[in-house]
Amino acid sequence: MTKLQVAIDLLTTEAALELAEKVAPYVDIIELGTPLIKAEGLKVITAMKAAHPNKLVFADLKTADTGALEAEMAFNAGADLVTVMGAVDDATIIGAIEAAKKAGKKVVVDTIGVKNRVQRAKEVTAFGVEFVELHAGLDEQALPGYNVQKLISEGREAQVPFSIAGGVNINTIKDVVAAGAAVAVAGGAIYGAENPAAAAKALKEAIMA
């Protein structure tokens, strides 16, 4: 069953906790976005895990160096999952995975900026990552002609555990699930909705249908 992940790209701990409280009944993973962690520091991870101990808390650090150190920092703060960039040196990813093994936690590789996402997804999966996030960032999504279907087709081709992030909404969620995604990541489709709880509920129901 595909898990639903909410990506919280708000900028204060208070706003993040308020949103999480509304959508928690319908999501499996609560992601703290990179701008949020940069604005608030590791304490937002600790606060979210304390508020939702039964949810997986995903720290989107987008680590590009010192993989073991940054992963350890996130795990010590309460994160269950942490991201490392797929475009970086293998040693950074492997270091983070080693830290995750010690902590009993998991690493996700983010493919923003990776030219051949399918090939890289296969490579990093062999290192022992939990899943690969096939990800088009907000800047890429804003470009003319962007379509989430490209990520979906790459997921089918890669044949590894993957998530889709970048245009997942009520109109595309069925395609994400049908492609076999381990996780569907919804950001703006939830936090940008007039009623975030209703939006999250609708996405969850679409996954379960």
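Modeller: A nonpolar core is a set of buried Ala, Val, Leu, Ile, Met, Phe, Trp, Tyr and Cys residues joined through side-chain atoms within 4.5 Å. Please keep in mind that this model is predicted.

Colleague: Thanks! Which residues have the most contacts inside the largest nonpolar core?

Modeller: Nonpolar side chains tend to be buried together in soluble globular proteins. Here the largest nonpolar core has 60 residues. Helix α5 gives the most to this core, with 5 residues. The residues with the most contacts inside the core are I8, L32, I45 and I164.

Colleague: Let's follow I164. Are the residues on the two sides of strand β7 buried or exposed?

Modeller: Side chains in a regular strand alternate between the two faces of the sheet. In β7, residues 162-165, one side carries F162 and I164, and the other carries S163 and A165. Both faces are covered, and these four residues are all buried.

Colleague: Which residue of β8 does S163 stand opposite?

Modeller: β7 pairs in the parallel sense with strand β6 (residues 131-135) over 4 bridges, and there L134 stands opposite I164. With strand β8 (residues 183-186), β7 also pairs in the parallel sense, over 3 bridges. In that pairing S163 stands opposite V183.

Colleague: What is the handedness of the crossover from β7 to β8?

Modeller: After pairing β7 with β8 in the parallel sense, we can trace the chain between them. The path leaves β7, passes through helix α9 (residues 173-178) and arrives at β8. This β-α-β crossover is right-handed.

Colleague: Now helix α5, please. How far apart are its end C-alpha atoms?

Modeller: Helix α5 covers residues 90-103, which makes 14 residues. At 1.5 Å a residue they should span 20 Å, so the end-to-end distance in the model agrees: 20 Å.

Colleague: Which residue has a side-chain oxygen within 2.9 Å of the backbone nitrogen of A91?

Modeller: We are looking at the start of α5. At the other side, α5 is followed by G104, whose phi is positive, near 70 degrees. The side-chain oxygen that reaches to A91 belongs to D89.

Colleague: And helix α11: which elements do its buried residues pack against?

Modeller: α11 (residues 196-208) has end C-alpha atoms 18 Å apart, which agrees with the span expected for 13 residues. Its buried residues include P196, A197, L203 and I207. They pack against β1 (3-8), α1 (13-23), α9, β8 and α10 (188-191).

How values were computed
Residues are numbered from 1 along each chain as its sequence is written. This is a predicted model: local features need pLDDT of at least 70, side-chain atom pairs count only at pLDDT 80 or more; totals for chains, interfaces and linings use all residues. Side-chain values use heavy atoms; hydrogens and water are left out. Buried means under 20% relative accessible area, exposed over 50%, partly exposed in between (1.4 Å probe, protein chains only). Two strands pair if DSSP finds at least two bridges between them. A crossover is right-handed if, with the strands pointing away from the viewer, the path from the first strand over the helix to the second runs clockwise. The expected span of a helix is 1.5 Å times one less than its number of residues. Contact means heavy atoms within 4.5 Å. A polar contact is a pair of N or O atoms within 3.5 Å; within protein, one must be able to donate a hydrogen and the other to accept it, and residues adjacent in sequence count only if both atoms are side-chain atoms.
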